[in-house]
Amino acid sequence: MMKALRFTIFLAVAALTLSSCDFFKPIIPVESRTHYHFLHIGFKDAAGNELVEPLALEYYKSDTSKPWAGEINPEEYSVDVVVPATASGTDSIKVVLTASKFGEEYNRITPREDGTYGPDGSWFIDFRSIIINRNDESYSSLNYKFSCPEVFGDNSVHEISTTWTKNLEANSYSFYPACTKVVLDGKEYTPLRGVTYYQEAESMYVAYFVEVVIDK
């Protein structure tokens with residue numbers, strides 16, 4: 001229960017940090033349920049070079065008065081999420097893409113005061129999908145239509161199919177599904193669960209991680 005409370009507090013802070021992205025619009029009806037599908041994908045080439053790093057090190061900010069909050073220049077990618085055809089009762093679907101740096105055990109690396117990062121760690125693209133509906137059951141699958149020339153070396157739309165199951169860490173109105181499978185362009189990956197902190201005393205953040213090698 002305490003973990004879920006700390007996680008909810010973290011999300012509230014994240015919403016303020018990413019206010020320029022309209023993170024939680026529209027307003028959530030009282031009777032609705034919020035399902036947080038958090039997936040982080042690291043992309044490298046066959047030689048081990050970071051493919052997300054150029055997107056991150058642009059340090060794009062939609063609000064230049066604030067420190068960098070992980071935003072990626074929207075001109076560098078496109079993304080759409082497709083829910084199952086059987087889905088019903090959906091009020092809102094929001095996908096937020098950001099870039100973050102994590103250590104070997106998927107511990108979140110602390111940024112500097114200006115939001116920039118040092119050389120340690122690996123970059124990931126964070127696919128944060130927030131789905132608001134009137135059901136207690138989370139979607140069992142989400143399909144992303146993702147285009148990013150910097151990562152893939154082409155302008156094609158690449159399909160990322162993800163499978164989700166109910167996670168035990170949930171309360172009556174907020175659900176945090178677990179990602180059990182990721183398929184990118186036909187290749188299957190098993191996500192690893194990461195529980196990470198800015199600092200051990202701060203709010204917990206749970207997400208699922210896969211590392212992908214792009215042969216281009």
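1. A residue is called partly exposed when its relative accessible area lies between the buried class, which is under 20%, and the exposed class, which is over 50%. K145, at 32% relative accessibility, therefore counts as partly exposed. The model discussed in this note is a predicted one, and the points below should be read with that in mind.

2. The side chain of K145 meets that of E159 in a salt bridge, with an N to O distance of 3.1 Å. Because K145 belongs to strand 5 (residues 141-147) and E159 to strand 6 (residues 158-165), the pair ties together parts that are 14 residues apart in sequence. E159, for its part, has a relative accessible area of 32%, so this residue is also partly exposed.

3. The structure holds two salt bridges, and besides the pair of K145 and E159 there is one between R128 and D126, whose closest N and O atoms are 3.6 Å apart. R128 has 9% relative accessibility and therefore counts as buried, while D126 is buried because its relative accessible area is 0%.

4. S129 is placed in strand 4, which covers residues 122-133, and since its relative accessibility is 0%, S129 counts as buried. Its side chain makes a polar contact with the side chain of Y144, at a distance of 2.6 Å. When residues up to four places away in sequence are left out of the count, S129 touches H35, Y36, H37, F38, K94, V95, L142 and Y144, so that the polar partner Y144 appears in the contact list as well, because contact here means heavy atoms within 4.5 Å.

5. Two of the residues that S129 touches, Y36 and F38, also form an aromatic pair: their ring centres are 6.0 Å apart and their planes stand at 55°, so the pair is tilted. For the classification it matters that planes count as edge-to-face over 60 degrees and as stacked under 30 degrees. Both Y36 and F38 are buried.

6. The structure as a whole holds 16 aromatic pairs. Ring pairs link F43, F127, Y144, F146 and F152 into a cluster, and one of these members, Y144, is the residue whose side chain makes the polar contact with the side chain of S129. For a colleague who wishes to inspect this region in the model, Y144 may serve as a starting point, as it takes part both in the ring cluster and in the polar contact with S129.

Definitions and conventions: Residues numbered from 1 in each chain as written. Predicted model: local features only at pLDDT ≥ 70, side-chain atom pairs only at ≥ 80, totals over all residues. Heavy atoms only, no water. Helix = DSSP H or I, 4+ residues; strand = E, 2+ residues; numbered from the N terminus. Buried < 20%, exposed > 50% of the residue type's maximum accessible area, 1.4 Å probe, protein only. Polar contact = N/O pair within 3.5 Å; in protein donor to acceptor, adjacent residues only side chain to side chain. Phe/Tyr/Trp six-rings, centres within 6.5 Å; stacked < 30°, edge-to-face > 60°. Salt bridge = Lys/Arg side-chain N within 4 Å of Asp/Glu carboxyl O.
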